[in-house]
Amino acid sequence: MAAAARTDAASADQAPAPAPELTPRPARPGRAIVVALVVLIAAMAAGVCVGPASLSLPTVLDALLARLPWHPAVAVPPLDSAIVWQIRLPRVVLGALVGSMLAGGGAAYQGVFRNPLADPYLLGAAAGGGLGATIVIVAGGSPGLLPAAAFAGALGAVTLTYLLGASAGPAGARGGAAPGVGGSTASILLAGIAVAAMLTAIQTYLQQEHTSTLQGVYAWILGGLSLASWSDVTLIIPYVAVCAVALLAHRRLLDVLRVGEAEAASLGVHVGRLRLTVVIAATLGVAAAVAVSGLIGFVGIIVPHIIRLTAGPSYRVLLPVSMIGGAAFLVLADIAARTVQAPAEVPIGVITAAVGAPFFLFVLRSRRARQDLS
Amino acid sequence: MISLARVTVRYGSAVALDGVTAQVPAGQWLGLIGPNGAGKTTLLRATAGLLGCEGQIRVGGKAIGGLAPRRLARLIAYVPQRPQFPPDMTAAEYVLLGRTAHIGYFRVESATDRQVCAEVIDRMALAPMAGRALRTMSGGELQRVVLARALAQEAPVLLLDEPTSALDLGRRMDALELIDELRRERGLTVVSAIHDLTLAGQFADRLLLLAAGRVAALGIPAAVLRDDLLAGHFGDGVRVLLTGDGDLAVISRRRERP
């Protein structure tokens, strides 16, 4: 081994060293992003076309073009235009935003906690959001308050988890833990379980005390996009933007974390700060998704794993592709939710689990045959 | 280059290091020896800034207690005893991680970073396997990959915790020779824990014998590798032999049976 290394060095000394042919590169998401974008655009197009009143793709395109300021002269029936602009498009766009936040948040939590079972609701966002929404519904508050209450509940629950978990970590060596490491991830995860259990208990109690509103609470908790409007889209856009930009900015550091917190710290990562920043960013996005769509399960765990198995485990690939893939997945799931039992709607969470789980198992099995899961 | 003054580390009520004082001049190799649990790993982790401690640790004239992780990582490269190798990461991606402390927070690897890694990969004879996933590599190859990552940090101080424990006798020799060559080429200051006392005496400029967290002996190998000093810590059967080539060999004799 050393002998080979020595020979290389000797020959390098004699001739001016040519630029090594294989310059090391980090993983790049190029092709996977293109594929995911094509799927997303197709899904969104299908989402606008499919429904009780079936619209053809040219009609939809005309309806979209007619709103552009320099649009060509096209004649679109007002009803079709209204269906596209007032009903289908906001729903499709909102579904895409929610899906991207759930999948991106799930991937980020999996990276920062180095736990493949992590999902966006890990730190109590679902329980907190559910409690917030339940309080508004049982108190007879205006439905307009629901998003704010769910958002506040989700953020509050994660904050509580983080404060409890970070302070409850096991004592390290005297003089404090390493500068880059901070509290233990295990104590934060355990605090998340405790907080979620506690908030769910309160939520269940409130729900049982006010059986007249049971239906409303249940419908909210199952999640869905049936009430989607442009105002929901504009409501969550700022949080979506902050979350997406912040998570993508940390994709390289999440890759460093793959060697463990202690080694990442010795390589120069301020682990405690990285974890806090990523959790804040992911939680803003997840809380915004919960606020407008209720508790849609399963997206945040299966989409990142499907991307990991098909496009690779580097967070430089995983984060952007999960966001796009999650958007496409939720738009497709929503199409199924509103068509399989039309005119009734199946809860979208039922679709994400019923369709997502078998697909996930299929990908898992076909990959396992070729390589070990990391 | 490295100066330890009364370094004390406690885990709860247990004292892992007790007032360790030592100096390592630039370009030298200090070998840490001592029985299991003597505090070798703790001393390395404290020196790497990964553990809080009492006393003072200065590296290159700077007290490491106040340094941010990035500054620290540009000063000290630390290779733990059992590094974690993400199975699906390629060797090249893994070596690039060594540049973390040189890359701005929101930036990605520059051409310089990639050039440094390419040279290190070349130097460590890893170029043919740079694109391979870590899970496909042997113990000896992984040893070179993790050393390459440490070299990519371009830090003047290299801390190694049992760098050869996973290797067979021949590969151990190769690995230590390689570390010694790199130390000379790059003027690195090396501190390493080494279980094998014979190898420790062959490679280190000086040895620090740790016992129960304290310095039991510190000096050139011939001064530390003595029957009387070692016997108290490694057992009565320990003998130091002078080989025909002038090397010191440390062996352990079997207990006599009645």
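At what angle do the axes of helix H4 (residues 78-112) of chain A and helix H14 (residues 315-339) of chain A cross, and within what distance do they come? I took this up as the opening entry, noting that the model is predicted.

**Entry: H4(A) and H14(A)**

I found that the two axes come within 7 Å and cross at roughly 140°. I therefore entered H4(A) as oblique to H14(A), since angles over 145 degrees would count as roughly antiparallel. I recorded the crossing of H4(A) and H14(A) as right-handed. I then sorted the residues of this contact and obtained 16 nonpolar, eight polar and two charged.

**Entry: chain A overall**

I looked up the secondary structure of chain A, which comes to 15 helices and zero strands. I noted that 49% of the 374 residues of chain A count as buried. I also examined the contacts in chain A with a separation of 6 or more, and residues 24 or more positions apart account for 78% of them.

**Entry: H5(A) and H12(A)**

I turned to helix H5 (residues 125-138) and helix H12 (residues 271-293) of chain A, whose axes come within 10 Å and cross at roughly 40°. That angle makes H5(A) oblique to H12(A), because the class of roughly parallel is kept for angles under 35 degrees. I recorded this crossing, too, as right-handed.

Which residues of H5(A) meet H12(A)? I listed A:Ala125, A:Ala126 and A:Gly129 on the H5(A) side, and A:Thr283, A:Val286, A:Ala287 and A:Val290 on the H12(A) side. I counted five nonpolar, two polar and no charged residues in this contact.

**Entry: A:Val292**

I stayed with helix H12 of chain A, in which A:Val292 lies. Why does A:Val292 count as buried? I found 24 C-beta neighbours inside 10 Å of A:Val292, so the residue counts as buried, the cut-off being 20 or more. Leaving out residues up to four places away in sequence, I noted that A:Val292 touches A:Leu94, A:Val98, A:Pro147, A:Asp232, A:Leu235 and A:Ile236. I also looked up A:Gly156, 136 residues from A:Val292 along the chain, and found their C-alpha atoms separated by 17 Å.

**Entry: A:Val269**

I located A:Val269 in the loop between helix H11 (261-266) and H12 of chain A. A:Val269 counts as buried because it has 26 C-beta neighbours inside 10 Å. I noted a separation of 7.4 Å between the C-alpha atoms of A:Val269 and A:Leu253, which are 16 residues apart along the chain.

**Entry: the nonpolar core and B:Leu159**

I looked up the largest nonpolar core and found that it has 195 residues. Which residues have the most contacts inside this core? I recorded B:Ile76, B:Val95 and B:Leu159. In soluble globular proteins, nonpolar side chains tend to be buried together.

I followed B:Leu159 further, setting aside neighbours within four places in sequence. B:Leu159 is in contact with B:Leu44, B:Thr47, B:Ala48, B:Ile76, B:Ala77, B:Tyr78, B:Val79 and B:Val191.

**Entry: H1(B)**

I closed with helix H1 (residues 40-47) of chain B, which is mostly covered, with seven of its eight residues buried. I listed the buried residues as B:Lys40, B:Thr42, B:Leu43, B:Leu44, B:Arg45, B:Ala46 and B:Thr47. Among these, B:Leu44 and B:Thr47 had already appeared as contacts of B:Leu159. I noted that B:Gly49 follows H1(B) and has a positive phi, near 80°.

Note on methods: Residues numbered from 1 in each chain as written. Chains lettered and ligands numbered in written order. Predicted model: local features only at pLDDT ≥ 70, side-chain atom pairs only at ≥ 80, totals over all residues. Axes fitted to C-alpha atoms, helices over the stretch in contact; angles between N-to-C directions. Helix = DSSP H or I, 4+ residues; strand = E, 2+ residues; numbered from the N terminus. Parallel < 35°, antiparallel > 145°, perpendicular 65-115°, else oblique. Left-handed = near helix turned anticlockwise from the far one by under 90°. Nonpolar A, V, L, I, M, F, W, Y, C, P; charged D, E, K, R; others polar. Core = buried A, V, L, I, M, F, W, Y, C linked by C-beta atoms within 7 Å. Buried ≥ 20, exposed ≤ 12 C-beta atoms within 10 Å, placed from the backbone. Contact = placed C-beta atoms within 7 Å.
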